[in-house]
Amino acid sequence: MPSDLSPIDKAKFAAAKRATQYVEDGMRVGLGTGSTAAWLVRCLGELVSEEGLKITGVPTSARTAALARDVGIPVVSLDEARWLDVTIDGADEYDGNLNLIKGGGGALLQEKIVATASDQMVVIADISKQVEALGAFPLPIEVIPFGWQTTKALIEETLIGMDVLGRDVTLRLNGDAAYVTDEGNHILDLHLNRIGNPRQLSLVLNQIPGVVENGLFIDICDAVVIGYGDGRVEVRDINEGTVEETRFDFLETDNLFSDIAE
Ligand code: 5RP
């Protein structure tokens with residue numbers, strides 16, 4: 001591992017490396033999106049090319065599909081795979097119940113479909129993603145472009161009756177234009193500061209016409225693998241109620257990840 005990596009990248013790498021232990025020969029694996037998930041894809045690619053691991057990957061975005069192919073992971077669509085053994089993905093926030101906010105990278109729709117179609121979802125993260133209550137990170141909502149301003153107004157009206165601390169809703173931009181997801185939709189970011197009842201909010205938001213999906217992942221994640229900059233890794237399993245700690249001794253000669261782009 002290159003010694004010039006920042007502590008945060010070392011933490012992401014450590015979490016990703018530990019999470020590869022969830023993957024076994026013959027598995028169908030959901031591949032998440034984002035900078036932490038990119039470390040995982042690289043780690044799995046190394047196992048495929050150097051140790052003959054046989055897996056099929058189902059990517060959650062065009063970006064991840066390209067990276068997976070690049071590192072030699074055979075990729076199929078979710079329709080081809082149908083059901084997955086495990087999905088490993090990053091998160092923007094996780095709470096004590098392992099409920100999540102996802103979608104900072106704009107891929108929440110595919111991520112939620114793929115994670116839900118998996119026997120197990122494992123989140124990989126550094127400790128900065130841990131929160132007591134969800135909502136400091138703006139909650140992404142995927143909406144169809146048709147009438148998005150009306151959808152935004154309906155969301156704002158709905159938020160008045162919800163247990164949240166902030167109510168600003170902004171259209172995500174890519175430069176001067178609206179951000180467009182892999183599904184051709186837009187993203188509204190909800191600046192809520194604190195979400196009192198994530199389960200209720202998720203249900204209510206998905207009732208609004210024009211909302212395709214929201215970035216709250218409730219009762220979907222089974223375990224979180226938390227990496228630290230010194231190589232320590234903590235695994236919390238919500239079903240088993242266990243917390244396990246390990247540590248990786250990074251090899252200074254391992255330069256596999258030196259060109260990581262995200
Ligand atoms: C993409 C996501 C990502 O998992 C989330 O944004 C975390 O990204 P990163 O690992 O880069 O912090 O939900 O839609």
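Asp 230 counts as partly exposed in this predicted model, because its relative accessibility is 37%. Its side chain meets that of Arg 232 in a salt bridge, with 3.1 Å from N to O. Arg 232 is likewise described as partly exposed, at 29% relative accessibility. The structure holds 10 salt bridges, and the points below treat some of them before turning to the ligand, the surface and two distances along the chain.

**Salt bridges**

- Salt bridges that share partners join Asp 89, Lys 102 and Glu 111 into one network.
- Within this network, the side chains of Lys 102 and Asp 89 meet at 3.0 Å, N to O.
- Lys 102 belongs to the loop between strand S5 (100-101) and helix H5 (108-116), while Asp 89 belongs to strand S3 (residues 84-89), so their pairing ties together parts that are 13 residues apart in sequence.
- Lys 102 counts as buried because its relative accessibility is 3%, which is under 20%.
- Asp 89 also counts as buried, with a relative accessibility of 0%.
- A further salt bridge is formed by the side chains of Asp 189 and Arg 172, at 2.9 Å from N to O.
- This pair links distant parts of the chain, 17 residues apart: Asp 189 lies in strand S11 (residues 186-191), and Arg 172 lies in the loop between strand S8 (168-171) and strand S9 (173-174).
- Asp 189 is buried, with a relative accessible area of 9%, and Arg 172 counts as buried at 13% relative accessibility.

**Ligand surroundings**

- The ligand is surrounded by 16 residues, of which Ser 35, Thr 36, Asp 92, Gly 103 and Lys 129 come nearest.
- By class, the shell around the ligand consists of two nonpolar, nine polar and five charged residues.
- A backbone N or O atom of Thr 33 lies 3.0 Å from an oxygen atom of the ligand.
- For Ala 107, a backbone N or O atom is 3.1 Å from an oxygen atom of the ligand.
- A polar backbone atom of Gly 106 is 3.4 Å from an oxygen atom of the ligand.
- On its own, the ligand has 380 Å² of accessible area, and the protein covers 90% of this area.

**Nonpolar surface patch**

- Ile 144, Phe 146 and Val 212 make a nonpolar surface patch of about 290 Å².
- Within the patch, Phe 146 is located in the loop between strand S7 (139-143) and helix H6 (148-159).
- Phe 146 is exposed because its relative accessible area is 72%, which is over 50%.

**Separations along the chain**

- Trp 39 is part of helix H2 (residues 35-51) and counts as buried at 2% relative accessibility.
- Between Trp 39 and Val 212, which are 173 residues apart in sequence, the C-alpha to C-alpha distance is 29 Å.
- Val 212 is also one of the residues that make the nonpolar surface patch.
- Asp 70 has its place in helix H3 (residues 62-70) and counts as exposed at 66% relative accessibility.
- Asp 70 and Gln 120 are 50 residues apart along the chain, and their C-alpha atoms are separated by 25 Å.

Key: Residues are numbered from 1 along each chain as its sequence is written. This is a predicted model: local features need pLDDT of at least 70, side-chain atom pairs count only at pLDDT 80 or more; totals for chains, interfaces and linings use all residues. Side-chain values use heavy atoms; hydrogens and water are left out. Patches are made of residues with over 30% relative accessible area and no salt bridge: like charges are joined within 9 Å, nonpolar side chains (Val, Leu, Ile, Met, Phe, Trp, Tyr) within 5 Å. Accessible areas come from the Shrake-Rupley method with a 1.4 Å probe; for residues, only the protein chains shown count as cover. A salt bridge is a side-chain nitrogen of Lys or Arg within 4 Å of a carboxyl oxygen of Asp or Glu. Helices (H or I, at least four residues) and strands (E, at least two) are DSSP runs, numbered from the N terminus. Buried means under 20% relative accessible area, exposed over 50%, partly exposed in between (1.4 Å probe, protein chains only). A residue is near a molecule or strand if one of its heavy atoms lies within 4 Å of it. A polar contact is a pair of N or O atoms within 3.5 Å; within protein, one must be able to donate a hydrogen and the other to accept it, and residues adjacent in sequence count only if both atoms are side-chain atoms. Ala, Val, Leu, Ile, Met, Phe, Trp, Tyr, Cys and Pro count as nonpolar, Asp, Glu, Lys and Arg as charged, and the others, Gly among them, as polar.
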